[in-house]
Amino acid sequence: MTFAFDPDRLTLPNQHFIGGDYVSGEDALELRSPSTGKLLGAIPCADAALVDRAVRTARKALESSGWAGLQPRARLRALYAWAELIEREAETLAKLEAICSSRPYAAALAGDVMVTAEQIKFFAEFADKEAGTLVPTADSQFGFISDHPYGVIGAITPWNFPISMAAWKLGPALSAGNAVVLKPSEMTPYTTLYLAELAVKAGIPTGLINVVLGDGPTTGAAITGHPGIDKVSFTGSTRAGAAIMENIARCGIKPMTLELGGKSPMVVFADADLDVTADALVTGIIPNAGQFCVAGSRMIVEASVADELAAKLSERFAKITPSETHSAEAGFSPIISEKQLQRIDSLVQAATDQGGELICGGGRFEHAGSFYRPTLIGGVDETNPAVREEIFGPVATFQTFETEEQAMQLASHPTYGLAAGLFTRDLSRALRLTRDLEAGTVWVNRYGRTRDHILPTGGWKASGLGKDLGREAYLANRRTKTVLIDL
């Protein structure tokens, strides 16, 4: 196999980034390549004192730079310069993304890095285009609603799409006039650190972006509980989101945006184009080895076409082969860690122990690293753990229905409501059922996001609070003030 780069010759930033400088700490958390299992090194874990230093640095930078009060076009130009530098450094960023994450180098180079630059440009445009609102009042009064940045945003991002998730937080926060203290996942810190370094090189004031490394219980808790953090933005599991809410409530009151877990249904009616649908269902569960929050992990299919569709899916799943993330060709991703692979396998085993039947897949690939076979499980009901729990791997359940009412009952999940897919050629049915599906995002005759960042994402139920992306994400980084003046 021809490799795109030699991971052993890549210089890795293994320190915190505070006030424009790399800050050392005692190595505490090991990092391993999910593609090979090889030890890459270790990173420090920021304690409450170091988080406090980062927060104070962010506040000082916000005040000394006048970032929030700049002519808005100046913020736009600075963010554009950062995005253009990201584009120029795409190869290095893609290598850093691939070495310890589940993202293939080729996919990161062509997709993730460029999407990150696009997202920052997209949010930059809001800086001089969103403003307060003049409201109608009596002629003897003058009323308006003004909006203002929060101050210092505490952001925590997951490991599954490290660089683009960082842009989800940094782009709108900075455009809206805030500073940020960001903790990336302890498994995938490298691209976030380099993004922060590039921001300083691009001319964004030093100290507006501070990156602290560490785990959730120590570093994450210190961020969410810090009194100098004005708002929290988090993407990750529902369990971690609940812990963050609890910590915030215990330490004080502050707003938060939480994009959390999902168990999203993909509902297929018999009139759908089955080849197009099969490809879309694969797109809904196979990319990044199913390690994405909106993964379509529950396939709900009209009974009359269930066998035919299951056969098409099995055929497609069987052709998938694993590939190291540093390969020149984008291939099937590894599971992020051996621990996560064991969790996936234990849930598949529990599903079959409780009556589920393996339609295809099950078990790990015979390949170095943490690779799990694309798996489809039939014969399950709503009590089966594969239906109830977010597996976060290339595993989907396969259920059948006879009527629309039954389809909607199966699609409704007691816990999650992040996304849903609907496949039908009946426009009337599509419009009717998009209203009934309990999800923050619904895709029809497709599955997955596009590079159109205007569409917000966020969940219902325990899948989250608030929105990322879109105009909503920018507005979520500003707070409003009502003003009424007697003339």
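The exercises below, each with a worked solution, concern salt bridges and a nonpolar surface patch in a predicted model.

**Exercise 1.** Determine which parts of the chain are tied together by the salt bridge between Asp128 and Arg73, and decide whether Asp128 is buried, partly exposed or exposed.

*Solution.* Begin with the contact itself: the closest N and O atoms of Asp128 and Arg73 are 2.7 Å apart, which meets the criterion because a salt bridge requires a side-chain nitrogen of Lys or Arg within 4 Å of a carboxyl oxygen of Asp or Glu. Next, place the partners: Asp128 lies in the loop between α4 (105-124) and β5 (133-135), while Arg73 belongs to helix α2 (residues 72-88), so the pair ties together parts 55 residues apart in sequence. Finally, consider accessibility: Asp128 has a relative accessible area of 31% and is therefore partly exposed, and Arg73, with 34%, is partly exposed as well.

**Exercise 2.** Locate the partners of the salt bridge between Glu87 and Lys121 in the chain.

*Solution.* The closest N and O atoms of this pair are 3.1 Å apart. Glu87 sits in helix α2 and Lys121 in helix α4, so that distant parts of the chain, 34 residues apart, are linked. Glu87 counts as partly exposed because its relative accessibility is 28%.

**Exercise 3.** Identify the residues that make the nonpolar surface patch of about 420 Å², and state where Phe142 is placed.

*Solution.* The patch is made by Leu134, Phe142, Ile485 and Leu487. Of these residues, Phe142 is found in strand β6 (residues 141-149), and its relative accessibility of 37% is why Phe142 counts as partly exposed.

How values were computed: Residues numbered from 1 in each chain as written. Predicted model: local features only at pLDDT ≥ 70, side-chain atom pairs only at ≥ 80, totals over all residues. Heavy atoms only, no water. Patch = residues over 30% accessible without salt bridge, like charges linked within 9 Å, V, L, I, M, F, W, Y side chains within 5 Å. Areas by Shrake-Rupley, 256 points an atom, 1.4 Å probe, with all protein chains shown as cover. Helix = DSSP H or I, 4+ residues; strand = E, 2+ residues; numbered from the N terminus. Buried < 20%, exposed > 50% of the residue type's maximum accessible area, 1.4 Å probe, protein only.
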